[in-house]
Amino acid sequence: MKRILMILGVFLVGINFATAKTKNSLTIEAPYAYGTTSVQKNAAVFMSIHREDQFELDQPEDYEATPMFLTKAETDVAERVELHTHIMDGDVMMMREVEHYELNNDETLTLEPMGHHIMLFDLKAPLEVGAEFPMTLYFGDDNRRDIMVKVVKPGETP
Ligand SMILES: [Cu+2]
């Protein structure tokens with residue numbers, strides 16, 4: 001009898017674990033960058049990232065989403081990639097590097113001109129309107145996403 005209870009206990013723990021397990025929860029929409037000329041060495045990448053945690057079974061009532069962070073971006077088209085934001089310094093808007101962007105459940109992180117953006121330094125070649133290039137986003141060490149960034153006319157959105 002004791003043995004049966006033990007087995008049942010293990011089984012229940014297993015179910016609880018499966019219920020709380022989240023699946024893919026990020027939707028990355030319309031990554032884009034403005035086309036550049038040969039004299040422009042830098043560019044910025046914009047997109048929106050929506051987080052909505054999905055569950056393999058039902059969402060547990062006591063589910064508390066832990067913060068997620070976009071910590072790094074990589075691409076071969078530039079020598080250096082940084083996460084940037086804009087801040088006001090008096091009347092002047094300035095760019096500043098940030099360590100990460102926080103992504104909370106049921107929220108959308110927007111990267112846009114004059115706001116958060118992924119900065120590309122020292123482009124290896126101009127970004128041609130109509131082209132696409134690959135980029136990898138890191139949401140922590142073991143959660144990476146490969147995306148394609150569309151190059152659009154400056155001022156336009158894809
Ligand atoms: Cu910047």
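How many residues lie between β12 and β13 in their hairpin, and which residue in the turn has a positive phi? The hairpin has 5 residues between the two strands, and G140 in the turn has a positive phi of about 85 degrees. The legends below describe close-up views of this predicted model.

**Figure 1. The whole chain is shown with its helix and strands.**
The predicted model contains 1 helix and 13 strands. Along the sequence, the elements follow the pattern α-β-β-β-β-β-β-β-β-β-β-β-β-β. Of the 158 residues in the chain, 15% count as buried. Among contacts with a separation of 6 or more, 68% are between residues 24 or more positions apart. The average pLDDT of the chain is 87, and 85% of the residues score at least 70. Over residues 7-19, in contrast, the pLDDT is below 50. Beyond near neighbours in sequence, that stretch has 6 contacts in the model.

**Figure 2. The largest nonpolar core has 22 residues.**
Within this core, A33, V45 and M135 touch the most other members. At least two residues each come from β3 (43-51), β5 (68-70), β7 (78-89), β11 (117-123), β12 (132-138) and β13 (144-152). The strand that gives the most is β3, with 5 residues. Setting aside neighbours within four places in sequence, M135 is in contact with P31, V45, A73, E74, T75, I147 and V149.

**Figure 3. Strand β2 pairs with β3 and with β13.**
The strands β2 and β3 run antiparallel and are joined by 6 bridges. One of the residues to look for is I28, whose bridge partner in β3 is I49. The strands β2 and β13 run parallel, with 3 bridges between them. Here A33 stands opposite V151 in β13.

**Figure 4. A30 and P31 are neighbours in strand β2.**
Strand β2 covers residues 26-34 and includes A30; P31 lies in β2 as well. Which of these two residues is buried and which is exposed? A30 is exposed, because 12 other C-beta atoms lie within 10 Å and a residue with 12 or fewer counts as exposed. P31 is buried, because it has 21 other C-beta atoms within 10 Å and the cut-off for buried is 20 or more. In a regular strand the side chains alternate between the two faces of the sheet.
Leaving out residues up to four places away in sequence, A30 touches M47, S48 and P158. On the same basis, P31 is in contact with V45, M47, M135, I147, M148, V149 and K150. Two C-alpha to C-alpha distances can be followed in this view. A30 and K150 are 120 residues apart in sequence and 7.8 Å apart in space. P31 and M135 are 104 residues apart in sequence and 9.5 Å apart in space.

**Figure 5. Strand β7 pairs with β8 and with β11.**
Strand β8 spans residues 92-97, and its pairing with β7 is antiparallel over 6 bridges. In this pair, I87 stands opposite M94 in β8. The hairpin of β7 and β8 has 2 residues between the strands, and G90 takes a positive phi near 65 degrees. The pairing of β7 with β11 is also antiparallel, again over 6 bridges. A78 stands opposite L123 in β11.

**Figure 6. Strand β12 has a covered face and an uncovered face.**
What residues make up the covered face of β12, and what residues make up the uncovered one? F133, M135 and L137 are on the covered face, while E132, P134, T136 and Y138 are on the uncovered one. M135 is also among the core residues that touch the most other members.

**Figure 7. Strand β12 pairs with β6 and with β13.**
Strand β6 (residues 72-74) runs antiparallel to β12, and 3 bridges join them. Across this pairing, A73 stands opposite L137 in β12. The strands β12 and β13 pair in the antiparallel sense over 7 bridges. In that pair, F133 stands opposite V149 in β13. The turn of the β12 and β13 hairpin contains G140, with its positive phi of about 85 degrees.

Notes: Residues numbered from 1 in each chain as written. Predicted model: local features only at pLDDT ≥ 70, side-chain atom pairs only at ≥ 80, totals over all residues. Core = buried A, V, L, I, M, F, W, Y, C linked by C-beta atoms within 7 Å. Helix = DSSP H or I, 4+ residues; strand = E, 2+ residues; numbered from the N terminus. Contact = placed C-beta atoms within 7 Å. Pairing = 2+ DSSP bridges. pLDDT = per-residue confidence, 0-100.
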